[in-house]
Amino acid sequence: MDTQVLIVGAGPVGLTLAIDLGRRGVRCILLEQKDAPQFLPKMERCNARTMEIYRRIGIAQKIRDAGFPRDVPMDVFIVTSLTEPPLLHLPYPSVAQARNQIAACQDGTMPLEPYQLISQYTLEPLLKSVAEGIASVDVRYACEFISCTQDGGSVRARVKTKDGATCELTAQYLVGCDGGSSLVRRQLGIKLTGEANLLQLRQALYRCDDLFDRIPIGKGRHYHVADAHNSFLIVQDSTRHFTLHSVVDSDDDMKTMFEQVVAMPAQYDMLYVGQWKQNLLLADSYGQGRVFLAGDAVHLVIPTGGLGMNSGVGDAIDLSWKLAATLQGWGGPGLLASYEIERRQIGARNVDASRHASRGRRAWRAAYKPNIRDHTPEGAETRAELARIADVEQRKSNEMIGAELGYRYAGSHIIWPEQGEAPATDIMTYVPTTWPGARLPHVWLDDGSALHDHIGDGYTLLRLAATQSDTGVLGRAFASYDAPFTVLDIPDQRPRDIYGYDLLLLRPDLHVVWRGNHLPDDPVKLAALANGH
Ligand SMILES: Cc1cc2nc3c(=O)[nH]c(=O)nc-3n(C[C@H](O)[C@H](O)[C@H](O)COP(=O)(O)OP(=O)(O)OC[C@H]3O[C@@H](n4cnc5c(N)ncnc54)[C@H](O)[C@@H]3O)c2cc1C
C-alpha cells in the first residue's frame with residue numbers, strides 16, 4: 001500500500017484535510033494537477049468557525065499574519081461609485097475590534113475566533129507549506145488523478161505525472177477534494193442536483209497600490225455597485241489588489257467597469273479576467289465505499305455569503321478524525337458511515353442559506369433604475385428606495401452567524417438521541433446550545449483561557465462545577481476500544497450555567513455527543529455509539 005489516504009485536489013479543502021490527517025499521524029499523499037498554487041482570485045473570507053478550526057490545528061495566527069490588516073474594518077457598502085456618497089453603509093468590526101467584543105462576551109453567544117479576510121491565492125500556498133512540513137504528508141503537485149477502482153480493502157488510482165507518464169497508487173481510502181467538476185465524483189456516478197448556471201459573471205483582478213487609501217467614502221471589504229451589471233468590488237487581503245465582478249460582454253469591458261466604479265484617476269494593472277457561473281448544487285451522495293468526497297466536489301453555492309470553502313473546511317474536519325480513528329483501529333465501522341449523514345445535511349442547509357442570501361441581493365438590485373444618479377427628486381427616490389430594501393436584504397449575505405456556528409448533526413447514529421424537542425436553528429442568529437450534535441459553545445474560564453483550548457484531540461468528558469459523578473465506567477468503555485479519552489474537570493461556574501449540565505461528552509471535533517447530570521444507565525452503550533460500534 002503506497003499510503004493510508006490519497007487526497008485528490010490541493011484546494012483549501014484538500015490541504016486542510018491533509019494537514020489535519022497529518023497532525024493525527026495518518027500517512028497521506030495529496031495530489032494536485034497544477035504545477036503550483038496560482039495567483040487567481042476566488043474566496044477571500046474564512047468565517048469564524050473555520051478560524052476556530054484553524055486555531056485547533058495551530059495555524060490561525062499564521063493565517064491572520066498573512067491576511068487583511070487587523071485594524072481595517074470589514075464594512076460593506078452599497079454605492080454608485082467609490083466617490084459618491086454611499087447609498088448604504090453596513091459597518092462590521094475589524095478583527096481587532098471583533099477580538100475585543102469576543103473578549104468581553106461571557107454568555108457563549110460569540111465564537112472564540114473572529115473571521116479573517118485572506119485571499120485564496122494567499123491561503124493555498126500557506127496551507128501547502130504547512131502540509132509540506134508534516135512528515136506523514138506527501139504533497140505532489142503536477143500530478144493528475146485519472147481514474148480509480150476499489151475493492152473491499154483498498155483503492156487503486158491511476159495518476160499522470162508532469163512528464164506524461166502514468167503510475168498507479170494504492171491507498172486504504174481516497175478523498176476527492178477536486179472541486180466543482182470533480183472527476184472523482186463523476187467516476188462514482190454521483191450527480192449534483194439543484195440549480196445550475198443561474199448567472200454568468202466576469203471577474204477581474206487588478207493591482208492598484210494607492211486606491212484603498214484614497215477611497216473617500218470609507219474603508220471596507222465589499223463595495224456593491226447599484227448598476228445594471230450586478231457589479232461588486234472586493235478588496236483583497238493586501239489592500240492593493242481588488243476584484244470586480246460584473247455582467248459584461250467582453251474582457252475589455254472589465255477595464256471600463258473598473259474605471260467607472262473607481263471614478264477617480266488611478267494607476268492600475270488588470271492582472272486577470274475570467275468567467276464564472278453561479279450554482280446552487282448538492283451531490284446526491286458524499287462517496288461510495290472507500291472513496292469520499294468533500295468541498296466543492298459535493299456542494300456549490302453562490303459565494304455571496306462565504307459558505308463555499310468554509311463548508312468544505314467543515315467537511316474536511318468531520319472526515320479527518322473519523323478516517324484517523326478507523327485507520328488507527330479505535331473507531332468502529334459506523335464512524336465513516338456517519339460522514340455523509342452529518343455533512344450532507346449541512347451542505348443542503350448551506351445551499352439553502354446561500355439561496356436565501358442571493359435572493360436578498362436580487363431583491364435590492366431589482367430596485368435599481370437608470371435614474372439612480374440623477375440629481376432629481378425621482379433619482380433621490382430611487383436611491384432611497386434601493387437603500388431601504390438593501391438595509392434588510394443585503395444583511396442576509398453578511399450576517400449568517402447561525403449558518404456558521406449553529407449547525408448541528410441531527411439524526412446522526414454517532415450522536416446520542418436525546419429525548420424532547422431540539423431547539424430550532426436559524427441561519428441568521430446563533431443561540432448557544434449543547435443539544436447533542438451541536439458545536440460546543442465557546443466560553444471563557446475564570447483564568448482568562450478559553451475552554452476550547454483545554455480540549456484535546458480525542459473524546460473528552462467535561463465534568464463541570466465540581467460534580468462528584470463517578471465516570472470511571474465510561475473511561476473503561478472507551479479504553480476497551482483503545483480510543484483516546486480524557487476527563488476534564490472544570491470547576492468554574494460559568495460553563496455550567498451556559499452548558500446547562502454537569503457532564504458533556506465531546507468528540508474530537510468539539511461537537512457534543514451526549515450531555516446529562518449523571519451518566520446514562522448504560523455508559524458502555526454511550527461509548528460504543530460515540531465510537532461508531
Ligand atoms: C468569486 C468567488 C468568490 C468566493 N468567495 C468565497 C468566500 O469568501 N468564502 C468561501 O468560503 N468561499 C468562497 N468561494 C468559494 C470557494 O472558492 C470554493 O468553495 C473553494 O475553492 C472550494 O475549495 P475546494 O478545495 O473544495 O475546491 P477547489 O478550490 O476547486 O480546489 C480543487 C483542486 O483540485 C484540483 N484538481 C481538480 N481535478 C484534479 C485532478 N483530476 N487531479 C488532481 N487535482 C485536481 C484543482 O486543480 C484544484 O486545485 C468563492 C468562489 C468564487 C468563484
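How many disulfides does a search of the whole structure find? Zero, where a disulfide is a pair of cysteine sulfur atoms within 2.5 Å.

Before I go on, a word on the model. This is a predicted model, so local features need pLDDT of at least 70 and side-chain atom pairs count only at pLDDT 80 or more, while totals for chains, interfaces and linings use all residues. Residues are numbered from 1 along each chain as its sequence is written, and side-chain values use heavy atoms, with hydrogens and water left out.

Okay, back to the cysteines. Take Cys143: the closest cysteine sulfur to its own is in Cys167, and at 6.8 Å that is too far for a bond. Cys143 also counts as buried, at 9% relative accessibility. For the record, buried means under 20% relative accessible area, exposed means over 50%, and partly exposed is in between, using a 1.4 Å probe and protein chains only. Then there's Cys177, where the closest cysteine sulfur belongs to Cys28, 10 Å away, and again that's too far for a bond. Cys177 is buried too, at 7%.

Now the sheets. My element names come from DSSP runs numbered from the N terminus: helices are H or I with at least four residues, strands are E with at least two. Two strands pair if DSSP finds at least two bridges between them.

One open sheet has eight strands, in the order E5-E4-E12-E13-E14-E11-E15-E18, with mixed pairing. Which strands stand at its edges? Those are E5, residues 88-90, and E18, residues 299-300; each has a single partner strand, so one side of each is left without a neighbour in the sheet.

Let's look at E4 in that sheet. E4 pairs with E5 in the antiparallel sense over three bridges, and Ile78 has Leu88 of E5 as its bridge partner. E4 also runs parallel to E12, residues 222-225, with four bridges joining them; here Phe77 is partnered with Tyr223 of E12. As a general point, side chains in a regular strand alternate between the two faces of the sheet. In E4 both faces are covered: Val76 and Ile78 on one side, Phe77 and Val79 on the other, all buried.

There's a helix here as well. H11, residues 377-393, lies across E4 (76-79) and E5, and runs at about 20 degrees to E5. Angles like that run from 0 to 180 degrees between N-to-C directions, with axes being lines fitted to C-alpha atoms, for helices over the stretch in contact.

Elsewhere in the sheet, E11 (residues 192-207) and E15 (residues 269-283) run antiparallel and are joined by 13 bridges. If you want a spot to click on, Leu201 stands opposite Trp276 in E15.

Next, another open sheet, with four strands in the order E20-E19-E21-E22 and mixed pairing. The edge strands are E20 (485-490) and E22 (512-516), each pairing on one side only. From one strand to the next, the twist averages 15 degrees. E19, residues 459-464, runs parallel to E20 with six bridges, and one partnership there is Leu464 with Ile490 of E20. H14, residues 472-480, packs on this sheet and touches E19, E20 and E21 (503-506), its direction making about 155 degrees with that of E20. By contact I mean heavy atoms within 4.5 Å. H16, residues 523-530, packs on the sheet too, touching E19, E21 and E22, at about 160 degrees to the direction of E22.

A quick helix pair: H1 (residues 12-23) and H2 (residues 48-57) pack at about 35 degrees, with their axes 11 Å apart. Who makes the contact? From H1 it's Pro12, Thr16, Ile19, Asp20 and Arg23, and from H2 it's Tyr54, Arg56 and Ile57.

Last stop, backbone oddities. Most residues other than glycine have a negative phi. Asn230 isn't a glycine, yet has a positive phi of about 55 degrees. Asn230 sits in the loop between E12 and E13 (232-235), and is partly exposed, with a relative accessible area of 26%. Ala263 is another residue other than glycine with a positive phi, near 55 degrees. You'll find Ala263 in the loop between H8 (253-262) and E15, partly exposed at 35% relative accessibility.
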